[in-house]
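Hi,

Here is the structure I promised to pass on to you. Please have a look at it first, and then read my notes underneath.

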Amino acid sequence: MARFTFTFAFVLVALATSSQALNIQSSQVKANTERADAVKAAFVKSYNGYKKYCFGRDQLNPLTKTCDDPLGGWGATLVDVQSTAHVMGLNDIYDETVAQSLKTDYSKTSSEEVSIFETTIRHVGGLLSSYELGGRREKKLVEQARVVGDKLMYGWINNNDIPYNTLKFWSGLPTPKTDESAVIAETGTLIIEFDRLSKYTGNNTYRDFAIKAELATINTIPLPFPGLNPQRLNQTTGKPVGDYVTWGGGSDSFFEYLNKYALLIGTQEIYFPAWITSVKSSILHLITSAGGTKKKLTYLADYSAKNGGTLPRGSHLECFVGGNWLLGGKLLDNDDIFNYGLDLAESCIHTYTASATGVGPEGFIYRLANGSSQGIEIKNAEFYAENGFDYSSKPYVLRPEVMESVFYAYRLTGDSKWQDLAWKAFQALEKYCGTDTAFTSLDDVSNSTTAQIDLSESFLYAELFKYSYLIFTDGNVLDLGKYVFNTEAHPFEIDNLDVDFRGLNPGPIKAPAAHVTADAEVPSATKLSDTSNGKKAKTTGYGKLVPAPLFTGVNKKKLAGVTRDQKPFQAAPKARLAST
Ligand SMILES: *[C@@H]1O[C@H](CO)[C@@H](O)[C@H](O)[C@H]1NC(C)=O
Ligand SMILES: *[C@@H]1O[C@H](CO)[C@@H](O)[C@H](O)[C@H]1NC(C)=O
Ligand SMILES: *[C@@H]1O[C@H](CO)[C@@H](O)[C@H](O)[C@H]1NC(C)=O
Ligand SMILES: *[C@@H]1O[C@H](CO)[C@@H](O)[C@H](O)[C@H]1NC(C)=O
């Protein structure tokens, strides 16, 4: 089916060049103005709370109405509001936030340490996207991005291709922290933003350095499977540290940018082929159907040979994958990749519909097709049998990745079931995350009387509200054939609409039969052994013997208001809990 629509699409583009977009979206996409307006109203309410209590600060804590500056203190929310306000046609909000961003002094910081990654995706990405959307008139936005970019360049030292991600002492010359290895989501999530910075400043240095880091990451050896880099790598040797493979936090946007950057600049070289290699290995080694449940679900597992091989762990952060594979599958006209994308999106939104609140969790676990949970403890066997997942981390911190994948699914299929699923999810968000100011986080999505957590990070504005809105608004608003979204959902115009990626189509790629066997018998807990150290597992609590990834969700969307160190997110400190 995809093949026909795609061929037809190209004929249309050829005939109607005035449409100025790759015709990859479904012609069935229809606006639902009432729902779009409801999302817009919620955005405005949240923004007004931020404006009233924390204008210019990084983020508002909606319950206590206090402010935090964990990301440099340059108004992360201020910048993350802009592209969404513009897309929603809220010109007053766009204008006042842009004006305030122009007053921000980016030459110094209130934070002792600054993350290159977090700063790049919000400030370099946000300011330049804002510049584009505003018709490329406000050159001072580019100047602000240049001030930020020049400081970030201090992450590259000793002729390393790969930067150190954490910079200390922003005032004056920043110095990088050299005692931490890198994660691939840091080294491989610079090219889109640095490329645009070079484009608009005319200085190629930013792009050149980002490409060095990107190529060093792509070319890392040895890898467990072609294209599947472990999470961590060493800046001086360029070699992997550990062997933990995941598309979740710490790795996610490295994979995400491979096909997106190729689409942005219009190249068939290096990046899209690297993405195809990663996806192919993922289908062969990581894709699995859920075993020991009556639900038909498709998951993308983690992998670590040192920790027992395939590990059935999923996360909210990883749920961007459905959308990313849908986009790549569509551009290649590859039905297998496209259909896995749909299945993954479906399994992710299922964690919402199956939860008592209608909102999905931070982390979940499951059984592989053969029924094994690989030593990771499924605590609630009854819930698992019924629903095909169990909770490993129950909070919800306003993450957007599930809505993001639903957005791609809707725009690329036009199937109204995605709009309905999104609407159900959005109503749940309003009900549970709503406060008298901005949306806030949840303590436990499986509890219909959950407490709220006093945490509302800037990506609520850039991502969650934007993707929710785009599912319901007109299909020509940020058409996927015209714009590429950075990992913070700031849109950039595609450079070249004449590039046809179908020549790269790798042909059919199917998961091995062993990965899709349904109805496997569930092994009893006592029979399972801990494969990581060869010792017999204990009957209870054996899940703890399987180490978690070296890096969990804290990097990409750092739980800044909750904890500033890099510990895996478990539960919010009690002091920050407040009841609904
Ligand atoms: C280009 O940017 C680099 C990195 O900040 C800087 O060192 C260099 O001086 C800039 N070049 C020009 C011509 O401004
Ligand atoms: C990277 O590898 C070098 C050489 O083995 C080592 O000296 C250095 O400590 C490593 N860096 C980190 C951050 O572990
Ligand atoms: C189940 O499948 C996984 C992944 O292929 C494999 O590592 C594991 O040994 C299998 N377990 C059983 C009990 O067959
Ligand atoms: C559900 O949340 C309420 C309110 O925070 C709490 O009192 C109750 O103990 C929670 N229930 C469970 C099963 O955790």
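Below are my notes on the ligands, one helix, two loop residues and the cavities. Please keep in mind that this is a predicted model.

**Ligands**

Let me begin with ligand 1. Around ligand 1 sit D150, M153, N203, T205 and Y206. Two side chains come in with polar atoms: an N or O atom of the D150 side chain is 2.6 Å from an oxygen atom of the ligand, and for the side chain of N203 the distance to a ligand oxygen is 2.4 Å. On its own, ligand 1 has 360 Å² of accessible area, and the protein covers 42% of that.

Ligand 2 has T178, D179, E180, S181, N234, T236 and T237 around it. Here the side chain of N234 places an N or O atom 2.3 Å from an oxygen atom of the ligand. Of the 360 Å² that ligand 2 exposes when taken alone, 43% is covered by the protein.

For ligand 4, the surrounding residues are N447, T449 and A451. A polar atom in the side chain of N447 is 2.3 Å from a ligand oxygen, while T449 uses its backbone, with an N or O atom 3.1 Å from an oxygen of ligand 4. The protein buries 32% of the 360 Å² that this ligand exposes by itself.

**S181, beside ligand 2**

One of the residues around ligand 2 is S181, so you may want to know where it belongs in the chain. S181 is found in the loop that runs between strand 5 (175-176) and strand 6 (182-183). Is S181 buried or exposed? Its relative accessible area is 24%, so it counts as partly exposed, since buried would need a value under 20%. Beyond its neighbours within four places in sequence, S181 is in contact with R232, L233, Q235 and V241. With V241 the separation is 60 residues in sequence, yet the C-alpha atoms are 7.8 Å apart in space.

**T267**

T267 belongs to another loop, the one between helix 10 (252-265) and helix 11 (271-285). With a relative accessibility of 15%, T267 is buried, because the cut-off for that is under 20%. Its side chain makes a 3.0 Å approach to the backbone nitrogen of E269. Apart from residues up to four places away in sequence, T267 touches A262 and F501.

**Helix 3**

How many residues of helix 3 are buried? In this helix, residues 76-87, the count is 11 of 12. Among them are L78, V79 and V81, along with D80 and Q82. The cover over these buried residues includes helix 2 (33-54), helix 4 (91-103), helix 5 (116-133) and helix 17 (459-472), as well as strand 1 (59-61) and strand 19 (491-493). After helix 3 comes G89, which has a positive phi, near 75°.

**Cavities**

I also looked for enclosed space. There are two cavities of 30 Å³ or more, and the largest holds about 90 Å³. Its lining consists of 13 residues, of which Y299, L300, E318, L344 and C348 are the closest to the centre. Strand 10 (298-300), helix 12 (321-332) and helix 13 (335-353) each give two or more residues to that lining.

Happy to talk any of this through.

Best wishes

Note on methods: Residues numbered from 1 in each chain as written. Chains lettered and ligands numbered in written order. Predicted model: local features only at pLDDT ≥ 70, side-chain atom pairs only at ≥ 80, totals over all residues. Heavy atoms only, no water. Buried < 20%, exposed > 50% of the residue type's maximum accessible area, 1.4 Å probe, protein only. Helix = DSSP H or I, 4+ residues; strand = E, 2+ residues; numbered from the N terminus. Contact = heavy atoms within 4.5 Å. Near = heavy atom within 4 Å. Polar contact = N/O pair within 3.5 Å; in protein donor to acceptor, adjacent residues only side chain to side chain. Areas by Shrake-Rupley, 256 points an atom, 1.4 Å probe, with all protein chains shown as cover. 1 Å grid on protein atoms, 1.4 Å probe; cavity = no way out; pocket = protein on both sides within 12 Å on 5 of 7 lines; lining within 4 Å. Points joined across faces, edges and corners; volume = space filled by probe spheres on them.
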